[in-house]
Amino acid sequence: MKKSIFYLISLLLASCSSNMQEISLDAKAFTSGWGIAKADSSISGTPLSIAGKAFTKGIGTHSYSEAVFRLDGKKGRFKAMVGIDDNCKGEASVVFYVLTNKGIAFNSGLMRDGDAAKPVEIDLKGVTDLCLIVDPVDGNNSHDHADWAEARFIVQTPPFVATHEREEAYILTPPPAPEPRINGAKITGASAGKPFLFTIATTGNRPMKFAAEGLPEGLTLDTERGLITGKAVKNGKYIVPVTATNDKGTCADTLEIVIGGGLALTPHMGWNSWYFHQLRITQDIMERSAKAMYDYGMINYGYTYVNIDDGWEIRVDSDDPVVGGKVRNPDGTIRTNKNFPNMKKMTDYIHRLGLKAGLYSSPGVATCGGYAGSLGHEAQDVKSYCDWGFDFLKYDWCSYGREVKSPVSLEDYKKPYILIDSILKNASRDIVLNLCQYGMGDVWKWGKEVGGHSWRTGGDLGGSTDALINEMFRAGFFQESIRQYSGPDGWNDPDYLLFGKIWHWRLGHEVPSPFSPNEQYSCMTLWCMMSAPLIFSGELVTLDEFTLNVLCNAEVIDINQDKLGKPGYSIFKEDFLEIWKKELYDGSTALAVFNKSPLKTTVTIDWKKLGYEEGYIMRDLWRQSDLGRTGNFAQIEMPRHGCYLFKMRK
């Protein structure tokens with residue numbers, strides 16, 4: 001009898017076991033910080049190999065990378081061997097994680113190229129969400145070719161790939177109050193004797209009356225529009241009390257006007273045409289975009305610059321009837337293509353709206369798009385920019401690299417920017433200079449020295465449209481390591497805000513921002529905490545309510561435009577939770593909590609360990625609501641890739 005019972009049990013176990021199946025992972029489930037994840041090969045297409053050991057099966061990807069799977073919670077296993085692929089061809093360092101709805105199931109610890117593969121084995125009983133992550137650790141993902149070798153599920157029911165699930169947009173920010181509120185920068189700079197333009201950014205019911213006391217000699221205020229214009233006569237720092245009054249009340253604040261002490265005393269705010277219009281840009285689009293910035297009320301939050309990117313010049317060696325022809329006039333002055341029939345008319349229109357105009361060029365023969373650059377004509381081009389009325393110049397390295405012998409020296413990197421700065425300083429207008437050279441030569445260390453008011457710290461975020469969250473986290477959190485080089489009149493620039501509709505470079509048509517709603521809130525929060533320029537580069541003419549909500553929260557923007565100009569920094573970092581702190585001019589601090597995990601989580605915060613004893617008053621800046629004191633608020637429900645932003649004061 002006992003024998004027959006054991007026999008039946010063994011048959012039952014065998015039957016259950018036979019229902020289990022090994023399922024390889026789909027490479028399409030994985031995002032990748034470079035290239036496209038591949039099945040059964042490295043990210044570079046070579047056979048999988050870790051520390052000299054070959055593997056025939058698995059996934060090759062590149063940090064930052066993630067994949068999310070949904071499971072039935074029944075018994076099963078996940079197995080893999082993880083490590084840096086031998087094809088990395090450089091120093092690499094990553095951490096492999098397996099996250100589940102139960103928490104962190106596997107942490108490889110820091111792995112470098114040459115380290116032996118580490119085994120992963122996860123019991124899947126009770127697991128409904130499983131996420132595989134390769135994290136670049138230090139924010140630099142160069143050469144981080146990472147392998148999930150022999151990765152497979154051993155389950156009865158195949159997992160469901162959930163990497164690309166989209167969230168519904170949700171509005172956090174309440175509409176602006178009808179009473180006046182003065183927003184944006186409370187300090188601005190210009191040069192004596194050059195055209196001055198500053199709009200007192202103010203929300204509230206219109207009509208509104210503005211007043212200002214003690215303006216520098218030569219400047220006047222349009223009391224109906226809050227627009228300060230003219231030419232300041234003398235250098236100096238001027239403390240100017242300002243008020244805005246409507247039928248609901250009066251708001252009083254103080255504006256500091258610095259003449260002769262810098263042009264970018266807070267990070268730039270505005271819009272750039274590139275990530276939606278690219279080389280299809282026209283004067284009509286620029287004018288409609290400027291009008292949209294005004295009509296949507298973005299000007300009332302401090303958005304100022306309306307910037308043309310590449311594509312306004314004549315295309316080099318082109319006979320196209322619209323963009324081709326001779327790139328310069330007989331006297332050497334640069335020509336615009338037929339999409340831009342009258343630059344002066346365009347900038348005059350932008351200025352009448354209370355906004356500023358920017359454009360783009362390269363120190364090389366040609367721009368990135370193949371249009372005319374400024375090499376050999378730098379002084380002539382700056383004069384044209386001034387005659388046309390521009391206020392901002394993005395100067396893109398591009399073809400200038402052909403003029404430099406390899407290896408490129410630090411002096412080579414500096415040379416074109418030193419030249420253009422010397423010309424701009426003697427120009428008839430103030431022109432803010434953005435160094436667009438992708439972080440080469442550690443530009444943050446010397447960008448201000450050569451006249452830059454901001455400098456790109458890495459490559460184009462939109463260059464990896466399908467894996468934008470990877471690039472945002474990598475570029476954004478990297479800024480902490482170089483924060484000491486950023487501050488008033490010289491800002492680290494991780495690239496533009498890619499919200500709303502952008503242009504998909506590979507598909508050739510517009511798409512919704514690849515950022516989820518949570519990720520857009522996190523991006524805006526991180527850019528504000530790091531004191532980065534807030535340059536939106538999605539489609540501007542037809543903004544939706546959600547995109548406006550993310551871009552136009554006055555209290556969040558206050559953190560970015562804070563007069564102290566001190567970038568934030570990390571005060572707590574554990575796996576996928578990171579907390580940043582930023583000191584503010586009024587003595588309070590901003591505190592941002594980021595969940596970098598693709599799974600939602602509950603965070604318990606020990607305020608004392610963060611330096612906030614009981615009694616600090618907390619305000620939720622995205623929701624614009626007071627939360628009470630720190631002792632009463634310890635747990636936070638964090639959505640995937642989500643954040644909270646608090647203002648903390650005693």
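Are D381 and R328 buried or exposed? Both D381 and R328 are buried. The views below come from a predicted model.

**View 1. D381 and R328 form a salt bridge.** The nitrogen-to-oxygen distance between these side chains is 2.9 Å. D381 sits in helix 5, residues 378–388, while R328 sits in the loop between strand 25 (305–307) and helix 4, so the salt bridge ties together parts 53 residues apart in sequence. Elsewhere, salt bridges with shared partners join E66, E167, E519 and R640 into one network.

**View 2. R77 pairs with D123 in a salt bridge.** Their closest N and O atoms are 3.7 Å apart. The pair links distant parts of the chain. R77 belongs to strand 7 (residues 76–84), and D123 belongs to strand 11 (residues 118–123). The two are 46 residues apart. R77 is partly exposed, at 30% relative accessibility. D123 is partly exposed too, with a relative accessible area of 42%.

**View 3. D558 and R181 form a salt bridge.** Here the closest N and O atoms are 2.9 Å apart. D558 lies in helix 10 (residues 554–560) and R181 in strand 15 (residues 181–182). The partners are 377 residues apart, so distant parts of the chain are linked. D558 is partly exposed at 23% relative accessibility. R181 is partly exposed as well, with a relative accessible area of 30%. The count of salt bridges in the model comes to 34.

**View 4. D147 is buried and has no salt bridge.** D147 is found in strand 13, residues 145–155. The nearest side chain of opposite charge belongs to K38, 11 Å away. What does D147 touch, leaving out residues up to four places away in sequence? Its contacts include S42, L48, S49 and I50. I59, G60, M81 and V82 are also among them. G83, D85 and F96 complete the list.

**View 5. The largest nonpolar core has 102 residues.** Those with the most contacts inside this core are Y303, I308, W312, M524 and W527. A second, separate core has 33 residues, including I23, C88, V127 and A151. Back in the largest core, Y303 touches M269, G270, M293 and M298, among others. M524, L534 and I557 are also among the contacts of Y303.

**View 6. Helix 3 packs with helix 4.** Helix 3 covers residues 283–295, and helix 4 covers residues 343–352. Their axes are 10 Å apart, at an angle of about 5 degrees. That angle makes helix 3 roughly parallel to helix 4. Which residues meet where the helices pack? From helix 3 come Q283, M286, E287, A290 and K291. From helix 4 come M343, M346, Y349 and I350.

**View 7. Two peptide bonds shown here are cis.** Most peptide bonds are trans. The bond from S63 to Y64 is cis, with omega near -10 degrees. Y64 is in the loop between strand 5 (58–62) and strand 6 (65–70). The bond from R206 to P207 is cis, with omega near 5 degrees. P207 is in the loop between strand 18 (202–203) and strand 19 (209–212).

**View 8. D442 and H641 have a positive phi.** Most residues other than glycine have a negative phi. For D442, phi is about 50 degrees. D442 is in the loop between strand 28 (432–436) and strand 29 (454–456). Its relative accessible area is 31%, which counts as partly exposed. For H641, phi is about 55 degrees. H641 is in the loop between strand 40 (635–638) and strand 41 (643–649). H641 is buried, with a relative accessible area of 0%.

**View 9. H453 is in the loop between strand 28 and strand 29.** H453 counts as buried, at 10% relative accessibility. H453 and L433 are 20 residues apart in sequence. Their C-alpha atoms are 5.4 Å apart in space. Not counting residues up to four places away in sequence, H453 touches L263, A264, H268, I431, V432, L433, D489, G490 and W491.

**View 10. G538 is in the loop between strand 33 (534–536) and helix 9 (545–551).** G538 counts as buried, at 0% relative accessibility. Which residues are in contact with G538, leaving aside its neighbours within four places in sequence? They are W271, F276, L497, F499, K501 and I502. G538 and K445 are 93 residues apart in sequence and 30 Å apart in space, C-alpha to C-alpha.

Technical notes: Residues are numbered from 1 along each chain as its sequence is written. This is a predicted model: local features need pLDDT of at least 70, side-chain atom pairs count only at pLDDT 80 or more; totals for chains, interfaces and linings use all residues. Side-chain values use heavy atoms; hydrogens and water are left out. Helices (H or I, at least four residues) and strands (E, at least two) are DSSP runs, numbered from the N terminus. Buried means under 20% relative accessible area, exposed over 50%, partly exposed in between (1.4 Å probe, protein chains only). Lys and Arg count as positive and Asp and Glu as negative; His and the chain ends are not counted. A salt bridge is a side-chain nitrogen of Lys or Arg within 4 Å of a carboxyl oxygen of Asp or Glu. Contact means heavy atoms within 4.5 Å. A nonpolar core is a set of buried Ala, Val, Leu, Ile, Met, Phe, Trp, Tyr and Cys residues joined through side-chain atoms within 4.5 Å. Axes are lines fitted to C-alpha atoms, for helices over the stretch in contact, and angles run from 0 to 180 degrees between N-to-C directions. Angles under 35 degrees count as roughly parallel, over 145 as roughly antiparallel, 65 to 115 as roughly perpendicular and the rest as oblique.
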